[in-house]
Every structure is written in C-alpha cells, then in structure tokens.
Amino acid sequence: MSTTPIEPPQPDSGVPGGGQQGVNAATPQENLDPDARSRIAAGVFALTLGWAGVHRFYLGYTAIGIAQISVTIITFGIGWIWAIIEGILILTRDRRFLTDATGRPLRD
C-alpha cells in the first residue's frame with residue numbers, strides 16, 4: 001500500500017499556469033513609451049555639452065536651449081554653471097525634470 005502526499009490546492013491567480021505568479025508578468029520597462037527620452041542621456045548632455053543647451057534641445061525645450069547658448073556667449077563661458085546644475089538635477093530626478101517638453105515621462 002503506497003501513500004502519496006496530498007498537496008494543498010494552489011490559489012488561482014487568473015494567469016495561465018495556475019498559482020505561479022510573476023512568470024509571465026510584464027516588467028515595468030515593457031510598458032514605457034518607446035518615444036520617451038532617456039534621463040541618463042539628458043543628464044550626460046547637460047554635464048558635457050550643456051553650455052550649448054544640448055540637453056534642453058534633446059528634451060524639446062528649444063527656447064531655453066537658445067537662452068543657454070546666449071548666456072554662455074554673453075558671460076564668456078561662465079554660463080556653463082547653469083548647465084552643470086541642471087545636469088545634476090536631471091540625474092537626481094528633481095521634480096522639474098520628470099518629463100520632456102511634450103509631457104512624456106523620462107525613462108531611465
């Protein structure tokens with residue numbers, strides 16, 4: 001006489017495969033907008049080419065990008081401090097840099 005252990009029933013998760021949750025679950029990266037701009041790219045642009053407003057052009061803020069170029073020229077290059085500060089704010093996810101000019105959230 002053989003006895004087989006009786007396993008308790010698995011809760012139904014509503015996913016094919018029974019109670020195995022998370023096997024086919026979508027990762028957060030799959031749900032992002034494919035046209036979203038990269039936060040890291042914007043931050044690197046600000047830290048390296050920010051004196052020319054490249055990060056602002058990348059995010060869609062053309063007028064501010066032109067203003068950064070103008071300030072850099074007028075101040076003989078001292079305007080780059082503005083870009084360094086913005087680069088740090090972008091990379092630290094400051095609330096002012098959560099979206100691009102069209103309102104799309106920046107992706108990591």
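Two residues are in contact when they have heavy atoms within 4.5 Å of each other. The exercises below concern a predicted model.

**Exercise 1. Determine the secondary-structure content of the protein and the order of its elements.**

Solution.
1. The protein holds 4 helices and 0 strands.
2. Read from the N terminus, the order of elements is α-α-α-α.
3. Of the 108 residues in the protein, 23% are buried.
4. The accessible surface amounts to about 7700 Å², and carbon and sulfur atoms account for 63% of this area.
5. When contacts between residues at least 6 apart in sequence are considered, 47% of them join residues at least 24 apart.

**Exercise 2. Describe helix α3: its span, its buried residues and the elements against which these residues pack.**

Solution.
1. Helix α3 covers residues 62-74, which is 13 residues.
2. From the first C-alpha to the last, α3 reaches 18 Å, close to the 18 Å expected at 1.5 Å a residue.
3. A residue is buried when its relative accessible area is under 20%. In α3, G65, Q68 and T72 are buried.
4. Viewed down the axis of α3, the buried residues fall within an arc of 55 degrees, so they line one face of the helix.
5. The packing partners of these buried residues are α2 (54-59) and α4 (80-91).
6. A63, I73 and I74, on the other side of α3, are exposed.
7. After α3 comes F76, which has a positive phi, near 55 degrees.

**Exercise 3. Identify the buried residues of α1, and state which elements are included in their cover.**

Solution.
1. R39, A42, G43 and A46 are the buried residues of α1.
2. Down the axis of α1, these residues lie within an arc of 100 degrees, so they too line one face of their helix.
3. The cover of the buried residues of α1 includes α2 and α4.

**Exercise 4. Examine the salt bridge between R56 and E86, and characterise the surroundings of R56.**

Solution.
1. As a general point, side chains of opposite charge can pair when their charged atoms come close.
2. The side chains of R56 and E86 form a salt bridge with an N to O distance of 2.6 Å.
3. Because R56 belongs to helix α2 and E86 to helix α4, the pair ties together parts that are 30 residues apart in sequence.
4. The relative accessible area of R56 is 8%, so R56 is buried.
5. E86 is likewise buried, because its relative accessible area is 6%.
6. With neighbours within four places in sequence left aside, R56 is in contact with Y61, T62, I64, G65, Q68, E86 and F97.
7. One of these contacts, G65, is a buried residue of α3, and Q68 is another.

**Exercise 5. State how many salt bridges the whole structure contains, and analyse those formed by R93 with D108 and by D94 with R96.**

Solution.
1. The whole structure contains 4 salt bridges.
2. R93 and D108 meet through their side chains in a salt bridge of 2.6 Å, N to O.
3. This pair links distant parts of the chain, 15 residues apart, with both R93 and D108 in the segment after α4.
4. R93 has a relative accessibility of 48% and therefore counts as partly exposed.
5. D108, at 44% relative accessibility, also counts as partly exposed.
6. In the salt bridge between D94 and R96, the closest N and O atoms are 2.7 Å apart.
7. D94 is buried, because its relative accessible area is 18%, whereas R96, with 53%, is exposed.
8. Salt bridges that share partners join R39, R93 and D108 into one network. R39 is one of the buried residues of α1.

**Exercise 6. Locate the nonpolar surface patch, name the element that gives the most to it, and classify W51 by accessibility.**

Solution.
1. L49, W51, I78, W80, I81 and I85 make a nonpolar surface patch of about 610 Å².
2. The element that gives the most to this patch is α4, with 3 residues.
3. W51 is placed in the loop between α1 (39-49) and α2.
4. The relative accessibility of W51 is 46%, so W51 counts as partly exposed.

Definitions and conventions. Residues numbered from 1 in each chain as written. Predicted model: local features only at pLDDT ≥ 70, side-chain atom pairs only at ≥ 80, totals over all residues. Heavy atoms only, no water. Helix = DSSP H or I, 4+ residues; strand = E, 2+ residues; numbered from the N terminus. Expected span 1.5 Å × (residues − 1). Buried < 20%, exposed > 50% of the residue type's maximum accessible area, 1.4 Å probe, protein only. Arc of directions from axis to C-beta. Patch = residues over 30% accessible without salt bridge, like charges linked within 9 Å, V, L, I, M, F, W, Y side chains within 5 Å. Areas by Shrake-Rupley, 256 points an atom, 1.4 Å probe, with all protein chains shown as cover.
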